[in-house]
Amino acid sequence: MPLQDENWNTIHASAFSHARALMRPATATLRPHGGVRYRCPVTGSFVLVTDEPTLAALARPHARLRCADCGEMHLMTLAAEDPVVATTDD
Ligand SMILES: [Zn+2]
């Protein structure tokens, strides 16, 4: 039954987008001495990431990361530079 297959796919796709909507976005910035820092959107705390497997995962677009601070999954965006560093650099 082709109609049943199509219906199953629709349910599956909407369940997937619902899961994505639950993820809070966070912006990660590169640190001058290596590693990446982001601000947890749940607790507001800064989290420093230095381990290689996590850094490699963050380099990909639409990376997801299990937050070390709040334990939730965040949708990470890697920014080119840290705004705080940019203002003190010049
Ligand atoms: Zn978090």
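How are the donor residues of the zinc ion spaced in sequence? They follow the pattern C-x26-C-x2-C-x3-H. That spacing is a good way into this structure, which is a predicted model, and we will come back to the zinc ion after a short walk along the chain.

Let us start with the overall layout. The protein chain has three helices and five strands. If you read along the sequence, these elements come in the order α-β-β-β-α-β-β-α. Of the 90 residues, 23% count as buried. Contacts can also be sorted by how far apart the partners lie in sequence: among those with a separation of 6 or more, 45% are between residues 24 or more positions apart. Two such links across the sequence, one at the zinc ion and one in a salt bridge, will appear below.

Now follow the strands. S1 and S2 pair in the antiparallel sense, with three bridges between them. To find this pairing in the view, look for Leu30, which stands opposite Val36 in S2. The hairpin of S1 and S2 has five residues between the strands, and in it Gly34 takes a positive phi near 95 degrees. From S2 the chain goes on to S3; these two strands also run antiparallel, and four bridges join them. Here Arg37 is a handy marker, standing opposite Leu48 in S3. The hairpin of S2 and S3 has six residues between its strands, and its Gly44 has a positive phi near 80 degrees.

Both of those positive phi values belong to glycines, as the names Gly34 and Gly44 show. Most residues other than glycine have a negative phi. With that in mind, have a look at His62, which has a positive phi of about 60 degrees although it is not a glycine. You will find His62 in the loop between helix H2 (52-58) and S4. His62 is exposed, with a relative accessible area of 58%.

Back to the zinc ion. Which atoms of the protein hold it as donors? They are the SG atoms of Cys40, Cys67 and Cys70, together with NE2 of His74, and they lie 2.0 to 2.4 Å from the ion. The angles among the four donor atoms run from 103 to 119 degrees, and the site is tetrahedral. For comparison, the ideal angle for four tetrahedral donors is 109.5 degrees.

The site also brings distant parts of the chain together: Cys40 sits in the loop between strand S2 (36-39) and strand S3 (46-49), while His74 belongs to strand S5 (residues 73-79). These two residues are 34 residues apart in sequence, yet 8.3 Å apart in space from C-alpha to C-alpha.

Are the donor residues buried or exposed? Cys40 is buried, at 2% relative accessible area, and Cys67 is buried as well, at 4%. His74 counts as buried too, at 0%. Cys70, on the other hand, counts as partly exposed, at 26% relative accessibility.

The surroundings of two donors help to complete the picture. Leaving aside neighbours within four places in sequence, Cys40 is in contact with Ser45, Cys67, Asp69, Cys70 and His74. Counting in that way, His74 touches residues that include Met23, Arg24, Ala26, Tyr38, Cys40, Leu65 and Cys67.

With several cysteines around the zinc ion, you may wonder about disulfides. A disulfide is a covalent bond between the sulfur atoms of two cysteines. How many disulfides does the count come to? The answer is zero.

Arg24, met above as a contact of His74, leads to the last stop. The count of salt bridges comes to one, and it joins Arg24 to Glu72, with the closest N and O atoms 3.0 Å apart. This pair also links distant parts of the chain: Arg24 is in strand S1 (residues 24-30), and Glu72 is in the loop between strand S4 (63-66) and S5, 48 residues apart. Both partners are partly exposed, Arg24 with a relative accessible area of 37% and Glu72 at 27% relative accessibility.

Technical notes
Residues are numbered from 1 along each chain as its sequence is written. This is a predicted model: local features need pLDDT of at least 70, side-chain atom pairs count only at pLDDT 80 or more; totals for chains, interfaces and linings use all residues. Side-chain values use heavy atoms; hydrogens and water are left out. Donors are N, O and S atoms within 2.8 Å of the metal (3.2 Å for Na, K and Ca); water is not among the atoms, so sites may look incomplete. Four donors count as tetrahedral if all angles lie between 85 and 135 degrees; four count as square planar and six as octahedral if opposite donors are over 155 degrees apart and all others between 65 and 115; anything else is irregular. Buried means under 20% relative accessible area, exposed over 50%, partly exposed in between (1.4 Å probe, protein chains only). A disulfide is a pair of cysteine sulfur atoms within 2.5 Å. A salt bridge is a side-chain nitrogen of Lys or Arg within 4 Å of a carboxyl oxygen of Asp or Glu. Contact means heavy atoms within 4.5 Å. Two strands pair if DSSP finds at least two bridges between them.
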